[in-house]
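Colleague: I would like to go through this model with you, one feature at a time. Where should we start?

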Amino acid sequence: MTYASNSLSRREFVAASAICLADLTAQAEEDLRVIDIHQHTKYEGRTDDELIAHQRKMGVSKTILLPGGFKPTPMLTVGDNATCANLAQNHPKECVYFANELPDIPTTREVLEKYLKMGALGIGEQKFHVDCDSPHMRLVAEIAREHRVPVLMHFQHETFNLHIERFHTMLEKFPTVNFIGHAQTWWANIDRNCDQAILYPTGKLAPGGIADRLLSDYPNMYGDLSARSGLNSMLRDEDQARDFLRRHQNKLMFGSDCTDKLGEGDKCLGAQILAAVRRLAPDVKIQRKIFHQNAMRIIKVKS
């Protein structure tokens, strides 16, 4: 009797151990997920099938699709709200989307709210020729506040979301809205000695620039590492990049924003950004935050 009982106990122990091991393996795999917060449909003519193949090749588990407005933005050939919503509907396990519209037209609220009510998780990328603290951007922030979604903004000197030096006023006026900074002028301004006219600065940098301070001082400011500007911010001064990624590990999110069809190698920006983060932030806990945990927390995306 005792023997049978002990044998059963051992069998139960082995079975329980196998279940625990399977659970731990699943959790480890889950922790390696990658959420890409910055991709576009119809990007420079890339098809939906090519985009999905690209993301799978990069190892992305969930992609956030960012539409343009009804009027094409100069230097941005991408799909609109409908193309993003349609692709997300056709690939619900792999894609979600934001809503977007020009901020200075009569139908801004109508269009944004239409797609937010359909399931869009945020607004952006806002890439339009307005002051970053203008009444137009305040309207966008008000809509975001009402729907409890973030706003992703493209800062580019004298071109899009002008006067980044005044953006702190928006963060103060809308403390419950999460803003995500992106693009050339955002990433150039991690340097305290930033020359605003230089969009892709090189060489050593001094911490304490506008973007660095906004990330440090405001709980509702975050950063999107996508595009050549995000990659350049890490590669121009790798010693500072290591410190920057460590200091802002709770504020940064992976994005690709690349137009290629490859999804790997040195001709794919997304693959290069992933490699740079893995090399400059070797701590797996930091990688998990940047690659998926921060996006899940800030944008409420599920993966």
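Modeller: With Ile-298. Leaving out residues up to four places away in sequence, Ile-298 touches Pro-150, Asn-178, Tyr-222, Asn-250 and Met-253. Keep in mind that this is a predicted model.

Colleague: Which helix holds Ile-298, and is the residue buried or exposed?

Modeller: Ile-298 sits in helix α12. Its relative accessibility is 4%. Buried means under 20%, so Ile-298 counts as buried.

Colleague: What separates the C-alpha atoms of Ile-298 and Pro-150?

Modeller: Pro-150 is among the residues that Ile-298 touches. Along the chain the two are 148 residues apart. Their C-alpha atoms are separated by 7.6 Å.

Colleague: Among contacts between residues at least 6 apart in sequence, what percentage joins residues at least 24 apart?

Modeller: The chain has 303 residues. Its secondary structure comes to 12 helices and 8 strands. For contacts between residues at least 6 apart, the share that joins residues at least 24 apart is 75%.

Colleague: What percentage of the chain is buried?

Modeller: The cut-off is under 20% relative accessible area. Across the 303 residues, the buried share is 53%.

Colleague: Which residues touch the most other members of the largest nonpolar core, and which helix gives that core its largest share?

Modeller: The core has 67 residues. Those in touch with the most other members are Phe-167, Phe-179 and Met-234. As for the largest share, 6 residues come from one helix, residues 269-280, and that is α11.

Colleague: How many residues are in the other core, apart from that one?

Modeller: Ile-298 appears again here. This other core includes Ile-37, Ile-64, Tyr-222 and Ile-298. Its residue count is 14.

Colleague: What is Phe-179 in contact with, leaving aside neighbours within four places in sequence?

Modeller: Phe-179 was one of the residues touching the most other members of the largest core. Its contacts include Phe-167, from that same trio. The full set is Ala-141, Val-151, Met-153, Phe-167, Met-170, Leu-171, Phe-174, Asn-220, Met-221 and Tyr-222.

Colleague: Are α11 and α12 roughly parallel or antiparallel to each other?

Modeller: Their axes come within 9 Å. They cross at roughly 155°, and the crossing is right-handed. Angles over 145 degrees count as roughly antiparallel, so α11 and α12 are roughly antiparallel.

Colleague: How do the residues of that contact divide into nonpolar, polar and charged?

Modeller: From α11 come Leu-274, Val-277 and Arg-278. From α12 come Gln-287, Ile-290 and Phe-291. The division is 4 nonpolar, 1 polar and 1 charged.

Colleague: Are α4 and α5 roughly parallel or antiparallel to each other?

Modeller: α4 covers residues 108-118 and α5 covers residues 135-147. Their axes come within 11 Å and cross at roughly 25°. Under 35 degrees counts as roughly parallel, so α4 and α5 are roughly parallel.

Colleague: How do the residues of the contact of α4 with α5 divide?

Modeller: α4 brings Thr-108, Arg-109, Leu-112, Glu-113, Leu-116 and Lys-117. α5 brings Leu-139, Glu-142, Ile-143, Glu-146 and His-147. They divide into 4 nonpolar, 2 polar and 5 charged.

Colleague: Which elements do the buried residues of α8 pack against?

Modeller: α8 spans residues 210-217. Its buried residues are Ile-210, Ala-211, Asp-212, Leu-214 and Leu-215. They pack against α6, α7, β7, α10 and β8.

Colleague: Now the backbone. Is the peptide bond from Gly-124 to Glu-125 cis or trans?

Modeller: Most peptide bonds are trans. Glu-125 is found in strand β4. Omega for the bond from Gly-124 is near 5°, and the bond is cis.

Colleague: Is Glu-158 buried or exposed?

Modeller: Glu-158 lies in the loop between β5 and α6. Its phi is near 60°, a positive value in a residue other than glycine. The relative accessible area is 62%. Over 50% counts as exposed, so Glu-158 is exposed.

Colleague: What is the relative accessible area of His-163?

Modeller: The loop between β5 and α6 also holds His-163. Phi of His-163 is positive, near 65°. The residue is partly exposed, and its relative accessible area is 35%.

Colleague: Last one. Is His-54 buried or exposed?

Modeller: His-54 lies in helix α2. Beyond four places in sequence, its contacts include Gln-39, Arg-46, Cys-258 and Asp-260. With a relative accessible area of 0%, His-54 is buried.

Note on methods
Residues are numbered from 1 along each chain as its sequence is written. This is a predicted model: local features need pLDDT of at least 70, side-chain atom pairs count only at pLDDT 80 or more; totals for chains, interfaces and linings use all residues. Side-chain values use heavy atoms; hydrogens and water are left out. Buried means under 20% relative accessible area, exposed over 50%, partly exposed in between (1.4 Å probe, protein chains only). Helices (H or I, at least four residues) and strands (E, at least two) are DSSP runs, numbered from the N terminus. Contact means heavy atoms within 4.5 Å. A nonpolar core is a set of buried Ala, Val, Leu, Ile, Met, Phe, Trp, Tyr and Cys residues joined through side-chain atoms within 4.5 Å. Axes are lines fitted to C-alpha atoms, for helices over the stretch in contact, and angles run from 0 to 180 degrees between N-to-C directions. Angles under 35 degrees count as roughly parallel, over 145 as roughly antiparallel, 65 to 115 as roughly perpendicular and the rest as oblique. A crossing is left-handed if the near helix is turned anticlockwise from the far one by less than a right angle, and right-handed if clockwise. Ala, Val, Leu, Ile, Met, Phe, Trp, Tyr, Cys and Pro count as nonpolar, Asp, Glu, Lys and Arg as charged, and the others, Gly among them, as polar.
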